[in-house]
Each structure stands twice: as structure tokens, then as C-alpha cells.
Amino acid sequence: MSSATGMRVVVTGATGNVGTSVVRLLSEDPEIGSVLGLARRIPDWSPPRTDWSAVDLASQESDLAKLFSGADAVIHLAWAFQPTHDPVLTWNTNVLGSLRVFEAVAAAGVPTLVHASSVGAYSPGPEDHQAVDESWPTHGWPDAAYCREKAYLERALDTFERDHAGIRVVRMRPAFLFKRESASEQRRIFGGKFLPGPLMRPEMLPFLPDVPGLRVQALHTDDAATAYRLAVRTDVRGAFNLAAEPPVDAALLAEMLGARPVRLPRTAARSAIAAAWGLHLLPASPHLFDAVLRLPLMDCTRARAELGWRPVRTATQVLEEFFEGLQQGAGARTEPLRGRKVG
């Protein structure tokens, strides 16, 4: 229900890696009248025209429909990556919490829902390694909780769109998202407390494991946030792949870090990850490693053509900024992004 004061947008997961970038861009947009950020813990951060509400999506006590009332759009970003050893907990937040968001959007009559899906929702890529568009199947990799949950929500949105044809649904499927301020959070989520950020200095990494088939895409979080903002301000529907060039492999990382790539068989890499995960030394599970090896590369033509979106930074620039953040313990003024140094 847009008015003379501009659009009203609600953002779930507003204090995380993506949420902080989305909230900041929306708060700077003259077409956006107000932003309501939802998070489990209200931050010490006050962007223009932004209010906060403490909400835990895993709780059935939150009146989401009331919070969504009068909104022109809901951007759903909230997601729990951990604990990987207890997939029931992540399922309660990620899947059941998302279903509560979808139901509340319908109950409140919100005209637009923008949902954070992922490259992780895609089924394993084609054998010829060609980039896929948004029509590629989204059944994920069933052994990895992250992919299983993202794929399940794709099916839930299929039903939601069928039952609520008047609500415009947009699904963002970004590559791996990085920015300087997210470095400490992502080190904790994927590397754990035993991976010190200063280890990313070139002199500390003379060798870099080169696992056959490990090739992914990256994107700056702010560039992804731009796509979310454009989705709110336009009338697009459906799914959009989001990624920057070039694809990232061991050769590119080795060149950036001044290290020598050393071939490491998949089985050896997986065994090491499984052992560390089993001992609770590494938060990232071997199941996620299996999924990453099978991810397709994404073709982002539709985002360029229909959203008018192009990433500002290359994948190399994204990783350079992220590695610098790791070395410095960079963070931001929200609980998820806390670090030794606030960006």
C-alpha cells in the first residue's frame, strides 16, 4: 500500500550478512518510506527510516501477520546455518519459520514476497559443466541440510504461488555471498573457533589444496542487496540467478594468495572434513562439501535483462575484500556480524 511517504518494506533476518546490506540500501532509497527490520536481537545500529522488532521465527508466539500489516513487500532473509549436528533445530527455523512467514504474508495481504533461495537449491549441475538458467531443477543435494531445506522451500513457494496468485513472488538464487563486514561471522559459521583469521595472510599459506571439481561462484553481498532492492521496486516475478565473474577455483585462489595449488583427491578432502566435523572441530559438515562439489554454475542473463542488474565487483575483488576482513577480524554493529573490528 504505497503512499506519498513511500513504500513500506519488512526485512526478516535483518542483522545478518545479507540483511544488513539490504536494510542499508533500502534506507538510502528515496522511494522507500520505511523499513522494519526483524531479528532475534535488536542491534545498536539505526539507519534512516528504519525501525526494529525482536522476532524469533522458530517461535510460534510471534504475530508476524501484525508486523507485516500495511507492508508493500516482505523480504525474507532469515536463516540459521548452525548447528549442523542438529538438523531438527535448523529445520524449525529455516523451514517451519519460513512457512510461518509465507502464511503471514498471505494473511496480512502483502502484495510482494521476495524470498532468499540459493544456488544450493539447485540439483547437481550438467555433466558438461555449462552454466544453467533458472529453469534448472531445484531438488538440491538431499544429504546436505542446507540444500534440502532450500529445495523444500522452493516446493513450498510453488504451492504458495498457486494458492495466492495475487501475490508477486520473487526468488533470489545467489552464489556464495561475501563482504568485509561478514568475515568474522562466516569464519565462525564455516571454519569454527580453531580457524584464526590471520591464517589468510599469503605467508601463512605456501600450499593450497586443489580438489578436483571444486569450482564455485561468488558475489559481493552489496551487489546481491541491489538485486533485492530492484525486485521490490519493479514488477518482476519468478527466480533470478545472481553471481559475479569469474568462477572461483583453486588456481584463482592460489594466485590471489600467492600459494602453490597441490592436488588433493576428493576422498582425502572429504575424510579430513568428516573427521574434523565428527570431533566438533569444524562446523561445516562433509555433507555440505559433497553438495558444493555438485553445484552448477549459474547463468545470470535473466537478472541483467529483466532486473537491469549487474554486479559492481568481480568475484576476485569480492574475495580480496573478504580475506582482508578475515585477517583484521572485521565485523559490524549487529550480533551476527560481531568481530574484533567493526566495519
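Select H115 to begin: at 1% relative accessibility, this residue counts as buried. The model on display is a predicted one. H115 belongs to strand 5, residues 112-116. Leaving aside residues up to four places away in sequence, H115 touches H76, F102, L153, L157, V170, R171, M172 and Y228.

**The sheet around strand 5**

Next, select the strands of the sheet. There are 7 of them, forming an open sheet in the order 3-2-1-4-5-6-10, with parallel pairing. At the edges stand strand 3 (50-54) and strand 10 (238-242); each has a single partner strand, so one side of each is left without a neighbour in the sheet. From one strand to the next, the twist averages 20 degrees.

Move to strand 4, residues 73-76. A73 and I75 point one way from this strand, V74 and H76 point the other way, and all are buried. In a regular strand, side chains alternate between the two faces of the sheet.

Which strands pair with strand 4? Strand 1 (residues 7-12) pairs with strand 4 in the parallel sense over 4 bridges, and strand 5 pairs with strand 4, also in the parallel sense, over 3 bridges. To see these pairings residue by residue, select V10, which stands opposite V74 in strand 4, and then I75, which stands opposite V114 in strand 5. Follow the chain from strand 4 through helix 3 (residues 87-108) to strand 5; this β-α-β crossover is right-handed.

Strand 1 also pairs with strand 2 (residues 32-39), in the parallel sense and over 6 bridges. Here V11 has G37 in strand 2 as its bridge partner.

**Helices on the sheet**

Display helix 4 with strand 5 and strand 6. Helix 4 lies across both strands and runs at about 160 degrees to strand 6 (168-174). Helix 6 also packs on the sheet, where it touches strand 1, strand 2, strand 4, strand 5, strand 6 and strand 10. The direction of helix 6 makes about 170 degrees with that of strand 6.

Within helix 6, select A231. Is A231 buried or exposed? With a relative accessible area of 0%, A231 is buried. Beyond residues up to four places away in sequence, its contacts are V114, R168, V170, M172, V236 and L307. For a sense of scale, add P137: A231 and P137 are 94 residues apart in sequence and 22 Å apart in space, C-alpha to C-alpha.

**The nonpolar cores**

In soluble globular proteins, nonpolar side chains tend to be buried together. The largest nonpolar core here has 60 residues, of which V11, V22, I75, M172, Y228, L307 and W309 touch the most other members. Helix 6 (residues 221-233) supplies the largest share of this core, 7 residues.

Select Y228 and display its surroundings. With residues up to four places away in sequence set aside, Y228 touches V18, V22, I75, L77, V114, H115, A116 and M172. Apart from this core lies another, of 24 residues, including L36, W79, V95 and F102.

**Helices 8 and 9**

Turn now to helix 9, residues 286-294. Its buried residues are P286, F289, D290, A291, V292 and L293. These buried residues pack against helix 4 (145-163), strand 7 (176-178) and helix 8 (266-278).

How do the axes of helix 8 and helix 9 cross? They come within 8 Å and cross at roughly 150 degrees. Angles over 145 degrees count as roughly antiparallel, and helix 8 and helix 9 are therefore roughly antiparallel to each other. To display the interface, select R266, A269, R270, I273, A274 and W277 in helix 8, which meet P286, H287, F289, D290 and L293 in helix 9.

**The last stop**

Finish at R340, in the loop between strand 12 (330-331) and strand 13 (341-342). With a relative accessible area of 60%, R340 is exposed. Not counting residues up to four places away in sequence, R340 touches S184, Q327, Q328 and G329. Add G97 to the selection: R340 and G97 are 243 residues apart in sequence and 31 Å apart in space, C-alpha to C-alpha.

Note on methods. Residues are numbered from 1 along each chain as its sequence is written. This is a predicted model: local features need pLDDT of at least 70, side-chain atom pairs count only at pLDDT 80 or more; totals for chains, interfaces and linings use all residues. Side-chain values use heavy atoms; hydrogens and water are left out. A nonpolar core is a set of buried Ala, Val, Leu, Ile, Met, Phe, Trp, Tyr and Cys residues joined through side-chain atoms within 4.5 Å. Buried means under 20% relative accessible area, exposed over 50%, partly exposed in between (1.4 Å probe, protein chains only). Helices (H or I, at least four residues) and strands (E, at least two) are DSSP runs, numbered from the N terminus. Contact means heavy atoms within 4.5 Å. Two strands pair if DSSP finds at least two bridges between them. A crossover is right-handed if, with the strands pointing away from the viewer, the path from the first strand over the helix to the second runs clockwise. Axes are lines fitted to C-alpha atoms, for helices over the stretch in contact, and angles run from 0 to 180 degrees between N-to-C directions. Angles under 35 degrees count as roughly parallel, over 145 as roughly antiparallel, 65 to 115 as roughly perpendicular and the rest as oblique.
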